[in-house]
Structures are given as structure tokens and as C-alpha cells.
Amino acid sequence: RQLIQTSPTSITPDKSQFDEYYVTALANSITINNATSPSAGDTFVIYITDNGTARSISWGSHYVGIGSALPTTTIANKTMEIVIKYVTTAKALVSYTNEQ
């Protein structure tokens with residue numbers, strides 16, 4: 001299940017609703033909030049494409065980067081894929097890649 005949004009200011013992952021979130025034409029900063037009632041093993045994928053200007057990203061307290069720090073900005077005109085995997089109900093590992 002997926003949700004497609006144009007330029008939201010925040011996303012709150014909710015496994016009962018969606019597995020994938022697509023953000024298009026991001027024209028403002030965005031916050032990735034902690035998930036709603038997550039379970040260990042819940043996985044979400046977020047795709048973010050800005051509107052041609054790099055935009056800042058902030059994170060809820062549950063998120064920890066894998067291998068590097070959490071991303072804090074988009075790259076103009078590139079799609080970012082963010083994979084979030086909850087390992088406990090209060091800790092989620094985040095990996096990401098940017099379109100080449």
C-alpha cells in the first residue's frame with residue numbers, strides 16, 4: 001500500500017495504513033515523525049523528490065542511521081529512497097540512497 005503526497009510538511013509512518021510513502025515536488029522542509037504504534041520488524045520506504053531546491057529533513061527520536069548519519073537535506077532534483085526498519089518499538093534503523 002502506498003501514499004503519494006505533494007509537498008507535505010511531515011510524514012508519520014503507520015503500518016496499518018501504508019508501507020510506502022512518495023513525496024513529490026517538496027517545496028518546504030519535512031519532518032519524518034516516529035511511526036504510529038510500530039512493532040519490531042515494521043519496515044517503511046519513503047521516496048522524496050524536491051521541487052528543484054534542496055530541502056531540509058528532520059527526524060523523530062526513534063531514528064538511527066545505518067553506516068552514516070541521518071540525511072538532513074535532499075539533493076536538488078534527485079529522488080532519495082529512505083528505508084526505515086523498526087528493531088524495537090522505540091528504535092528504527094534508517095538507510096538511504098540518492099538517485100545518481
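**Strands, rings and one salt bridge**

Let me begin with strand S5, which is mostly covered: of its eight residues, six are buried. I should say at once that the structure before you is a predicted model. I shall start from S5, move outward through the sheet that contains this strand, and then turn to the side chains.

S5 belongs to an open sheet of six strands, in the order S1-S3-S5-S8-S9-S7, and the pairing in that sheet is mixed. The edges are formed by strand S1, residues 2-6, and by S7, each of which pairs on one side only. From one strand to the next, the twist averages 25 degrees.

As general background, strands of a sheet pair through backbone hydrogen bonds, in either the parallel or the antiparallel sense. Let us now walk across this sheet from the S1 edge. S1 and S3 run parallel and are joined by five bridges. Within that pairing, Thr6 stands opposite Thr24 in S3. The next step, from S3 to S5, is also made by five bridges, and these two strands run parallel. Here Tyr21 has Ile46 in S5 as its bridge partner.

Which way do S5 and S8 run relative to each other, parallel or antiparallel? They run antiparallel, with seven bridges between them. For a point of reference on the model, find Thr49, which stands opposite Thr79 in S8.

Strand S8, residues 79-88, then pairs with S9 over eight bridges, again in the antiparallel sense. The bridge partner of Glu81 in S9 is Thr97. The connection between S8 and S9 is a hairpin, made through two residues. On the far side of S9, residues 91-98, we reach strand S7, residues 63-65; three bridges join S7 to S9, and the two run parallel. In that pairing, Gly65 has Val94 of S9 as its bridge partner.

There is also an open sheet of three strands, ordered S2-S4-S6, and its pairing is parallel. Its edge strands are S2, at 10-11, and S6, at 57-59, each pairing on one side only. S2 is joined to strand S4, residues 30-32, by two bridges, and these strands run parallel. Ser10 stands opposite Thr31 in S4.

I turn now to the aromatic side chains. In general, a pair of aromatic rings is described by the distance of the centres and the angle of the planes. How many aromatic pairs does the count give? The count comes to five aromatic pairs. One of them is the stacked pair of Tyr22 and Tyr47, with 4.8 Å from centre to centre and 15 degrees between the planes. Tyr22 lies in strand S3, residues 20-26, and Tyr47 in strand S5, residues 43-50, so this pair ties together parts that are 25 residues apart in sequence. Tyr22 itself is partly exposed, its relative accessible area being 24%.

Another pair has another geometry. The ring centres of Trp59 and Tyr63 lie 5.4 Å apart and their planes meet at 70 degrees, so the pair is edge-to-face. Are these two residues buried or exposed? Trp59 counts as buried, at 16% relative accessibility. Tyr63 counts as buried too, at 6% relative accessibility. Both residues belong to one aromatic cluster, formed by Phe44, Trp59, Tyr63 and Tyr86.

Phe44 brings us to the charged side chains. Which residue lies over the face of Phe44? That residue is Lys15, at 5.5 Å from the ring centre.

In general, side chains of opposite charge can pair when their charged atoms come close. In this model, a search of the whole structure finds one salt bridge. Lys15 forms a salt bridge with Asp19, with 3.0 Å between the closest N and O atoms. Lys15 is partly exposed, with a relative accessible area of 28%, and Asp19 also counts as partly exposed, at 23% relative accessibility.

To close, I would draw your attention once more to Lys15, which lies over the face of Phe44 and forms a salt bridge with Asp19. Phe44, in turn, forms an aromatic cluster with Trp59, Tyr63 and Tyr86.

Definitions and conventions
Residues numbered from 1 in each chain as written. Predicted model: local features only at pLDDT ≥ 70, side-chain atom pairs only at ≥ 80, totals over all residues. Heavy atoms only, no water. Phe/Tyr/Trp six-rings, centres within 6.5 Å; stacked < 30°, edge-to-face > 60°. Helix = DSSP H or I, 4+ residues; strand = E, 2+ residues; numbered from the N terminus. Buried < 20%, exposed > 50% of the residue type's maximum accessible area, 1.4 Å probe, protein only. Lys NZ or Arg CZ within 6 Å of the ring centre and 35° of its normal. Salt bridge = Lys/Arg side-chain N within 4 Å of Asp/Glu carboxyl O. Pairing = 2+ DSSP bridges. Axes fitted to C-alpha atoms, helices over the stretch in contact; angles between N-to-C directions.
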